[in-house]
Amino acid sequence: MAKEIRTIGVMTSGGDAPGMNAAIRAVARACAYYNVKCIGFYRGYQGMIEGDYCIMNARSVRNIISRGGTILKSARSKEFRTPEGRQKAANHLKEAGVDAMVLIGGDGTFKGGEIFSKEFDIPVIGVPGTIDNDIAGTNFTIGYDTALNTVIGAIDKIRDTASSHDRLFFIEVMGRDAGFIALNTGVGAGAEEILIPEEDLGLDRLLESLKRSKRSGKSSSIVVVSEGDKIGKNVYELADYVTENLQDYEVKVTVLGHMQRGGSPTCFDRTLASRLCVKAVELLLDGEKNVMVGILNNQIVASSFDKGLKEVHEINKELLRISDILST
Ligand code: F6P
């Protein structure tokens, strides 16, 4: 028989994402609703290792739904990768009376959670929170929609100056291993080219496409580059390469960087975080363990950690074709 859950712990781990506060709020409020004690651990696994936590009630999470970042802070803990680190974390959970954990983060968070849960028989539920949207088992991760809107706002602004000066801009966006942000904002902002890790289009094609752009009467261009792009050059090297090979372009580079992770979450991310985390608490109370929650076809579903970790969230390459047609 599954053990009774009287106290649920929650933490945020890995790269922060807008909507993590809405997620923490939903865990704390769902716990209050179901009469379960809620404990928030600071800095992800590191807070569990150090016993750095606070007791959360419905009022501790007032007015955070609209705030970016995470009030519980986030970290990537090296110590948690060691058996000694995980033992310390398990001891602190026991001391605090924590029966189960909600882990909000990306694939690194889930990997750690799966090992930890098996080693110490502590039920955990993963909630996908990362701007990269690179987790299988969910159509969307918390923070992705906000990041898309932040990026598109930035690209629109850059387009203004690009067109005033007849320039070519390479804009690097986040996505270490995945091109979701680049591909969707590239289409949404009408970029002339989009470079993503999932598809190496090659340098020749890039030059050809930029030449075609010029011939068709365009005076400015935007190329959106995912930071994990596999073309073999970073964004500065790409800009140098194009400058050397296409003298008629004045080339500039903008790296959007960590501003993509900040800001007030969109309505979509707040609602997603709320739905996922209520479900996470309810699953734990129903005796479910070691799964991640996700949204598939607008339904909140649970799937095995293995799915999130081993399968690839396929990018919609059809968007590359759409981009090609529309950048004519
Ligand atoms: O949040 C995911 C992500 O944005 C990746 O796309 C990026 O490579 C990484 O985080 C960088 O994060 P940090 O600077 O915290 O290591």
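Me: A residue is near a molecule if one of its heavy atoms lies within 4 Å of it; which residues surround the ligand here?

Reply: This is a predicted model, where local features need pLDDT of at least 70, side-chain atom pairs count only at pLDDT 80 or more, and totals for chains, interfaces and linings use all residues. Residues are numbered from 1 along each chain as its sequence is written, and side-chain values use heavy atoms, leaving out hydrogens and water. Around the ligand you will find G15, R76, I131, D132, M174, G175, R176, E227, H258 and R261.

Me: How many of the shell residues are charged?

Reply: Asp, Glu, Lys and Arg count as charged, Ala, Val, Leu, Ile, Met, Phe, Trp, Tyr, Cys and Pro as nonpolar, and the others, Gly among them, as polar. Five shell residues are charged, three polar and two nonpolar. Domain 1 (7-143 + 265-310) and domain 2 (145-261) each supply at least three residues to the shell; these bounds come from an automatic or database assignment.

Me: Which side chains have a polar atom by a ligand oxygen?

Reply: Look for polar contacts (N or O pairs within 3.5 Å). A polar side-chain atom of E227 is 2.7 Å from a ligand oxygen; for R76 the distance is 2.9 Å, and for R261 it is 2.9 Å. The protein covers 78% of the 400 Å² of accessible area (Shrake-Rupley, 1.4 Å probe) that the ligand has on its own.

How values were computed
Near = heavy atom within 4 Å. Polar contact = N/O pair within 3.5 Å; in protein donor to acceptor, adjacent residues only side chain to side chain.
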